[in-house]
Amino acid sequence: GRVTGSNPLAYAVPTGGKPILLDMATSTAAGGKVAAAHAAGLPIPADWVVDRDGEPSTDPAAFLEGGALRPMAGHKGFGVALLIETLSAVLTGALTTRQVVPWIVGDPTLPTGHGAAFLAFDVAALTPIEVFKRRVDALAQEIREAPKARGAGRIYLPGEMEWERRETALREGIVLPPDVAASVSALSEELGVPMTGFRTDV
């Protein structure tokens, strides 16, 4: 049965330029990706979900019909997910585990009971911010210059691909997957707001 959700973990680290950004599920794959595969009629990798009997499945419907997301890296991912559950739900007073209403398959008119926790560090209390940024930039450069396997290209830091996609989107527009475009189209009809300027050429 389901215990923790995808319990995402996100962070931002200031640099001398664009910040390093990470936003990831602590499950092997986020529930939204499973739902997108289901909408597209595509199978999923066997390590993404288990069905309602706890067996691995490549059918995304197995998750939507009562299965569960699998934690990334096995017990390690479960351990991190439990930390997120403690910070974002137990500490904040939000709902926990199976009490949370699934937003993908639940009634959209009901509150989900999700919680969130935000932690901010005053860098300047430990080291001058400009020194910190220089050190992060040096760390990033060291990582980029690390030896790579034959044929491997650039080493990306968390968020770099997304920053580049943002620049492309600002120039060329945002490409919507067909299932998202269909949802937005239905919403535009319901609210009477014209749907213009969208691309679906994925």
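**Exercise 1. Decide whether V3 counts as buried, partly exposed or exposed, then find the patch it belongs to.**

Start with the number: V3 has 42% relative accessibility, so it counts as partly exposed. Keep in mind that you're working with a predicted model here. Next, place the residue: V3 sits in the segment before β1 (9-13). Now look at its company on the surface. V3, F78 and L82 make up a nonpolar patch, with about 260 Å² of accessible area together.

**Exercise 2. Work out whether A10 is buried or exposed, and say what it touches.**

First, A10 belongs to strand β1. Its relative accessibility is 51%, and exposed means over 50%, so A10 counts as exposed. Then check the contacts: leaving out residues up to four places away in sequence, A10 touches L22 and D23. Take D23 a step further. A10 and D23 are 13 residues apart along the chain, yet their C-alpha atoms are separated by 4.1 Å.

**Exercise 3. Lay out the open sheet of 3 strands.**

Write down the order: β4-β3-β5, with antiparallel pairing. The edges are β4 (56-57) and β5 (68-69), each of which pairs on one side only. Now zoom in on one pairing: β3 (residues 49-50) and β4 are antiparallel, over 2 bridges. To pin down the register, note that V50 stands opposite P56 in β4.

**Exercise 4. Describe the surroundings of S88.**

Locate it in helix α3 (residues 75-90). With 12% relative accessibility, and buried meaning under 20%, S88 counts as buried. So what is around it? Setting aside neighbours within four places in sequence, S88 is in contact with A94, G115, A116 and A117. For its side chain, check I84: the backbone oxygen of I84 lies 2.6 Å from a polar atom of the S88 side chain.

**Exercise 5. Trace the salt bridges, beginning with R154.**

A bit of background: side chains of opposite charge can pair when their charged atoms come close. The structure holds 6 salt bridges. One of them joins R154 and E164, with the closest N and O atoms 2.7 Å apart. This pair links distant parts of the chain: R154 is in the loop between α4 (129-144) and α5 (160-172), while E164 is in helix α5, 10 residues apart. Both ends are partly exposed, R154 at 46% relative accessibility and E164 at 35%.

Next, R171 and E172 meet in a salt bridge at 4.0 Å, N to O. R171 is exposed, with a relative accessible area of 59%, whereas E172 is partly exposed at 47%. Finally, salt bridges that share partners join R144, R154, E160 and E164 into one network.

Technical notes
Residues are numbered from 1 along each chain as its sequence is written. This is a predicted model: local features need pLDDT of at least 70, side-chain atom pairs count only at pLDDT 80 or more; totals for chains, interfaces and linings use all residues. Side-chain values use heavy atoms; hydrogens and water are left out. Patches are made of residues with over 30% relative accessible area and no salt bridge: like charges are joined within 9 Å, nonpolar side chains (Val, Leu, Ile, Met, Phe, Trp, Tyr) within 5 Å. Accessible areas come from the Shrake-Rupley method with a 1.4 Å probe; for residues, only the protein chains shown count as cover. A salt bridge is a side-chain nitrogen of Lys or Arg within 4 Å of a carboxyl oxygen of Asp or Glu. Helices (H or I, at least four residues) and strands (E, at least two) are DSSP runs, numbered from the N terminus. Buried means under 20% relative accessible area, exposed over 50%, partly exposed in between (1.4 Å probe, protein chains only). Two strands pair if DSSP finds at least two bridges between them. A polar contact is a pair of N or O atoms within 3.5 Å; within protein, one must be able to donate a hydrogen and the other to accept it, and residues adjacent in sequence count only if both atoms are side-chain atoms. Contact means heavy atoms within 4.5 Å.
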